[in-house]
Amino acid sequence: MDLRAELLKSIWYAFTALDVEKSGKVSKSQLKVLSHNLYTVLCIPHDPVALEEHFRDDDDGPVSSQGYMPYLNKYILDKVEEGAFVKENFDELCWTLTAKKNYKPDRNGNSIVSHQDAFKLWCLFNFLSEDKYPLVMVPDEVEYLLKKICTAMNVELNSCELDDYLSQEQQGQAGLTVWQFLDMVNSGRFLRGIEQEAVSMAVEEVYQEVIEDGYLWKKGQLRRNWSERWFTLKPSVLSYYMSEERKEKKGSITLDKHCCVEVLPDRDGKRCMFCVKTSSRTYEMSASDTRQRQEWTLAIQTAIRLQAEGKNSLHKDLKQKRREQREQREQRKAAKEEETQRLKQLQEEKERKLQELELLKEAQRQAEILLQEEEQRRRQQHEEMQRTLEIQLQEAEQARASMQAEMVLKEAEAERQRKRILELEDMQERLQEALQQEVKARQDEESVRYAQARLLAEEEEKLKQLMKLKEEQEEYIIKTQLEKQVLKQEMENKNKCLEDAQKQLEEVRVNRQRVDQDVMAAQRKLRQASTNVKHWNVQMNRLMHPIEPGDKRTNVSGGGFAGYQPLLSGRDSSLR
């Protein structure tokens, strides 16, 4: 925290104290007075022209903090030089303005801290507060400051009670305001049974430690006498004055990496001595007690170290470290909460996955049940198909057997028809010979022409009947051929059915390997049936030769052959 930021904190309190209506704006006349006082305490040359120009009366209305900041930065803060003014006077000015409005001690005089101690606590609060407006001090810094005060009084702070109090007072805020802090200290809740003087001494000690000011005895260089001086420690210089008002500066000790601090033994009637060695001179000093000497030596050594590291002061460095630790704790807490949330999400995701897994297992069990049912149904279908095929095979074998028997009968009938046709052809030849003999007889025997003519007429009639019989025979032969073709077509259809049945049996054999023996038996039967069919096909092919026409009857009866019988009797006897 640099000087500008420290000054702005105190000025913020003064500005808000002048804001009576709490509207965030202050009248121009009050800002003129405030600016004039700031010029004085900060030891800046007055610029009345710029002051009057910036706060002209022709511009009506109060000014907000944003409107005042440009003037404050340009004409006041930019001109401030560190060490050219007494910061305590500056703080007292701002404290006086804000305490009149906001600080309300006990009217009965029962306050734990005095008005001057309240001012020092206010300064300590500004030093330890966060760099955010409105200014608050986080609970860790509150506990740190109270512990410092209690340690100075050799009293132990009740941290649990403090945590309870802070949790009640914060009410959603990031920390305590300075007025809440002062009310807490004045309530005596954490300083029970301790006198006001002890509290005042503890506050003074902590104030001097943090602000790094205090009285020390210093040995002169020329006269070698001891004088009490007010020392102010900065990271680069240790200054000393005639008094704490800092009106007359007596000298300064420049601190760099070549400086060192050493503890000296008691001598010349002085105790708790130490010295600061620079590259050009050694400064001897004496503290009031051992504890003060240890604090000063540690502070000066820390200032030398911080100067080498380019930092400001010990307490500012410690404050920054505490802030970094708080940020790290908050980050760890946020990371832990994030990790907890992530673990919770992972747990929810795990539970959801387990539920999905259970659903998948249930679905798998249902699928297995359905698969078993489907397998059982498929097995039943295969068995039914196998039984159906076996029945069809049996029916096909029975049909084949019946066809074979029918074919035997047809072949026998065809054989009889062939014999009958042969007989009719033989009879036709004999009739032709008889006709030729009859013609010769007609030529030889003119005397019997009438009778021969009558016989010829009868013979013509008989020939007509014979031709009719021959036509009937031809029709019968055609019918027989058609029946053979129908039988052949039926045989082809049956063969096709048998081939289809064999293909189905092959598919059943592939899908159902467990029934290979039955399928092989069915295949053997099918091959035997195919062999028989081929055999009968050969037989049928042999029977499919064309049949020549012939007489259907062997004997001719009727009155037409009555007169011709003696003529044929001799030939019939020779034929017999």
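Here is a short walk through helix α9, its neighbour α7 and the confidence of the model.

This is a predicted model, where local features need pLDDT of at least 70, side-chain atom pairs count only at pLDDT 80 or more, and totals for chains, interfaces and linings use all residues. Residues are numbered from 1 along each chain as its sequence is written, and side-chain values use heavy atoms, with hydrogens and water left out.

Start by selecting residues 178-186, which make up helix α9 (helices are DSSP runs of H or I, at least four residues, and strands runs of E, at least two, numbered from the N terminus). Eight of its nine residues are buried (under 20% relative accessible area, 1.4 Å probe, protein chains only). Among them are Trp-179, Phe-181 and Asn-186. Just after α9, click on Gly-188: its phi is positive, about 70°.

Next, add residues 139-152, helix α7. The axes of α7 and α9 lie 13 Å apart, at an angle of about 40° (axes are lines fitted to C-alpha atoms, for helices over the stretch in contact, and angles run from 0 to 180 degrees between N-to-C directions). Which residues meet here? Val-142, Leu-145 and Leu-146 come from α7, and Phe-181, Met-184 and Val-185 from α9 (contact means heavy atoms within 4.5 Å).

Finally, colour by pLDDT, the predictor's confidence in each residue, from 0 to 100. The protein chain averages 79, and 85% of the residues score at least 70. Confidence is highest in strand β8 (residues 273-277), at 92, and lowest in helix α15 (residues 565-575), at a mean of 41.

Key. Buried < 20%, exposed > 50% of the residue type's maximum accessible area, 1.4 Å probe, protein only.
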